[in-house]
Amino acid sequence: MSTYILRRFLQLIPVFLGATLLVYFLVFSLPGDPIVALFGDKPVNEAVAAKLRVQYHLDQPFWMQYLFYLQSIFTFDLGQDFSGRPIATVLGEVFPVTARLAIMALIFEGVFGIVFGLIAGLRKGKFFDATVLVASLIVIGIPIFVLGFLLQFTIGVQLGWAKPTVSSAATVQDLILPAIVLGLGSFAYVLRLTRTSVIENMNADYVRTATAKGLSRFRVVRVHILRNSLIPVITFLGADLGALMGGAIVTEGIFNIPGVGNRLYRAVLSGEGPTVVSIVTVLVLIYCLSNLLVDLLYAWLDPRIRYDN
Amino acid sequence: MRFSRTSKALGMVAIAALALTGCGASGSASGSGSTGGDTSKVILADGSEPQRPLMPADTNEVGGGKVIDMIFAGLVSYDPSGKPVNELAESIEGKDGQNFTIKVKKDQKFTNGEAITAKSFVDSWNFGAAAKNAQLSGGFFESIKGYDEASAEGSTVETMSGLKVVDDQTFTVELKQPESDWPLRLGYTAFVPVPSGALKDPKGFGEKPVGNGPYKLADGGWQHNVQIQLVPNPDYNGPRKAKNAGVTFKIFQNDDAAYQDLLSNNLDILQTIPTSALKNFKSDLGERTINKPYAGNQTIAIPEYLPEWSGEAGKLRRQAISMAINRDEITKVIFSGARQPAKDFTAPVLDGYSDSIPGADNLKFDATKAKDAWTKADGIQKWDAEKTFTIAYNADKGGHKAWVEAVVNQLKNTLGIKVEGKPYATFKEARNDATAKTLTGSIRSGWQADYPSLYNFLGPIYKTGAGSNDANYANPTFDKAISDGLNAASVSDGNKAMNKAQEILLTDLPAIPLWYQVAQGGWSDKVTNVDYGWDGVPLYYNVTGK
């Protein structure tokens, strides 16, 4: 097991290098000179522009810029953004906020998705099942920003149950509504996935055996049906954590959450290469690590899976 | 329909403004708060994250500019109508328009206790201009003698020879050439003094600026990407004394979220109503709205380096384009009155503005005359029927797509040529092509005044070789007219000369003026006494609670 984990961690190194290189190249290829843009409509003062280009290594060819960036990573100093602040500080500000949001969304979609999916699966074809199926289809069909604006306007503005935008601290309470909006789409997927999986497992031989053995209905459902049905769901949730963190950009925009998406969007527009690459790289690492976690959970859920050889 | 909601709202604002200015004079003697309203309210307003450290000479965009303007005071500040009034200056004298003697008021202090002297100004300006400090707004000092030496690439000169300290309270300024409107510029944020510590550690200072304005930054008040908290500066005794207990700028990523906050009273003032709410904000907010022109405009610049747009044929074609655009219709239908059709190259709030400069007819919609001009141009140099005339714009912000499409359709219908909107993904990309002079068609352009003067809308954009001359316009007669204006003995003579220069522009049309900007904002029912300044920014210091 430990060699397996070690191997997976070693695999992160090429992923990390590849991701930084690729993203850095993409930002580098963006048309337009970020320093010229700093001047806005105003005339460009060439002396000032030249000085700033040197400061941000923008006068160097691509490979040199990338090497400068790698050097800055290994000296634990990610460089500075255009407002002269260390990028490491910026990351420290935005990631906790988005992580809180994404984890809350994940808990929401996980708990509600599995519970509703399980009930629907067990009552296949009944009224509850049909209602839930139709409702989830509608949720999947509506784009997230429509749902976001709709909930923001009804719950935030008209009913006044929650503030339409989050407060400066972005507390857990503030983030409940945005987390529901962010998690709604995946909630519908989790629900449907759980339902299908439960229905499949209900007809499995080992479930019939368990029932025939005289086990209680509760034990059959919990140990034999649910646990086995969770394998695809867990895979989905694990992959979704990364997607939620990266995909929170729309939700963050609607509810004005000072998180990763907002900073990333601004950095892309202004062409701040190192900021974009740093944020995206952390997102990639989170994605990889949550996938590793999922793979480890498999072994716990399904004892037939073994990683040591 | 004589009393529409708008006109009533405007009436209320006008009354409020009168009341404010009336009390302003006595207010400075008897302290603040004589306008009525709750002065213990902290005002929540919308803002955007400053792009650069909060260093006055390094800030050139609205997010940071709004904050700098409130935490710093300069020699003069502008009153709501754009007239300069002395703030730190005791007097600014200069008879020839080239040599100025400036006296600074006594006993003025930064909030850290450091005294503000003539030297503070000279040091701050030299710092801003010197190339080695790489300050984005350094160009504002270009008129001062010695600027060229200090700002040249790689220069190690740190002072401008035109600035001399006479004594603690007095300094003199020598300009390169006479510029009668130069004192008007001194209210711009690049000209404020900074304490000596700022010059030693500009980056650290930019995080925690120490100023001398009506407000100061609260302890740890700048929470990046979240909010900027300002509290009143008790030692400030200029014309902009705070009448509330502070202003907190909440940073918004988009105006739509801010508008929702305003509707539910989580935000007190929203500077600009988002495009999506323009149709219904008056019914949402009732009389808590403002609709006030400010010193900004929108144009389409057509580069003269393109062969079809140069010479006499180019001029006729630009006139044809201008007369083929129905400005009244677009401002009404697309902007719901949030813009006003342009009648010149400047803006109506400015001193000296005229809506009837000879040649202004070229900005009126007239399909027949437009077609005639186009045909005439074809007689000189044939327009290739396969060619497409493009109007470039940046699609990332500003909501330009709608009006560009409308202009495109009007040009197609009136002139019968191929026209297309050309979106750039980002502002940066559009600016790049404009400054590199590699545009293949026209580009949307616009100007927000830095200081309230006609010259600011003309010189920096249309003078031969000027830095913002995207159209590459070069006309010696116009240059001469502009310098005549700068050399004029008085401001009003200068304004007359500037409008003479505009006559040339209105015939040549290096850019086609479209409309003037109008500030459309709203506020919550928790605040009152809201008015906007000449630059379209709310006068936050005047706002009180209800």
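Trainee: What is the sign of phi at G416(B), and where does the residue sit relative to α12(B)?

Mentor: This is a predicted model. In it, G416(B) comes just after α12(B). Its phi is positive, about 65 degrees.

Trainee: Which residues other than glycine are given a positive phi? Take H57(A) to begin with: what is its value?

Mentor: Phi of H57(A) is near 60 degrees. That is positive, in a residue other than glycine. Most residues other than glycine have a negative phi. H57(A) sits in the loop between α3 and α4 (62-74) of chain A.

Trainee: Why is H57(A) called partly exposed?

Mentor: Count the other C-beta atoms within 10 Å: there are 18. Buried needs 20 or more, and exposed needs 12 or fewer. The count of 18 lies in between, so H57(A) is partly exposed.

Trainee: And S336(B), what is its phi?

Mentor: Near 45 degrees, again a positive value in a residue other than glycine. S336(B) is in the loop between α10 and β13 (339-341) of chain B.

Trainee: What makes S336(B) partly exposed?

Mentor: It has 16 other C-beta atoms within 10 Å. That count is under 20 and over 12, so the label is partly exposed.

Trainee: Back to the helix before G416(B). How do you know that the span of α12 of chain B fits its number of residues?

Mentor: Helix α12 (residues 401-415) of chain B has 15 residues. The expected span is 1.5 Å times one less than that number. This gives 21 Å, and the helix reaches 21 Å from its first C-alpha to its last. The two values are close.

Trainee: Which residues of α12(B) are buried?

Mentor: W403(B), V404(B), V407(B), Q410(B), L411(B), T414(B) and L415(B).

Trainee: What puts them on the same side of α12(B)?

Mentor: The arc they cover around the axis is only 125 degrees, so they share one side of α12(B). The face turned away from the buried side carries the exposed residues N409(B) and N413(B).

Trainee: What do the buried residues of α12(B) pack against?

Mentor: Both helices and strands of chain B. The helices are α9 (311-324), α10 (327-333) and α11 (367-380). The strands are β14 (388-394), β15 (418-424) and β16 (442-448).

Trainee: Does the helix α1 of chain A reach close to or far from its expected span?

Mentor: Close to it. Helix α1 (residues 2-29) of chain A has 28 residues. Its ends are 41 Å apart, C-alpha to C-alpha, against an expected 40 Å. In α1(A), A19(A), Y24(A) and V27(A) are buried. Their cover includes α4 and α13 of chain A.

Trainee: Y298(A) lies in which helix, and why is Y298(A) called partly exposed?

Mentor: Y298(A) belongs to helix α13 (residues 273-301) of chain A. It has 16 other C-beta atoms within 10 Å, short of the 20 that buried needs and over the limit of 12 for exposed, so it is partly exposed. Leaving aside neighbours within four places in sequence, Y298(A) contacts I231(A) and I305(A).

Trainee: What makes chain B as compact as a globular protein of its length?

Mentor: Its radius of gyration is 24 Å, and the globule rule gives 24 Å for 546 residues, so chain B matches a globular protein of that length. Chain B has 16 helices and 19 strands. Buried residues make up 52% of its 546 residues.

Trainee: How confident is the predictor in chain B, by mean pLDDT?

Mentor: The mean pLDDT is 88, and 94% of the residues reach 70 or more. Over residues 1-34 of chain B, however, the pLDDT is below 50. The model as a whole scores ipTM 0.83 and pTM 0.84.

Trainee: How many residues does each chain bring to the contact?

Mentor: Chain A brings 44 residues and chain B brings 43 residues. On the side of chain A that touches chain B, the largest share, 6 residues, comes from α3(A). By class, that side has 20 nonpolar, 15 polar and 9 charged residues.

Notes: Residues numbered from 1 in each chain as written. Chains lettered and ligands numbered in written order. Predicted model: local features only at pLDDT ≥ 70, side-chain atom pairs only at ≥ 80, totals over all residues. Contact = placed C-beta atoms within 7 Å. Helix = DSSP H or I, 4+ residues; strand = E, 2+ residues; numbered from the N terminus. Nonpolar A, V, L, I, M, F, W, Y, C, P; charged D, E, K, R; others polar. pLDDT = per-residue confidence, 0-100. Arc of directions from axis to C-beta. Rg over C-alpha atoms; globule rule 2.2 N^0.38 Å.
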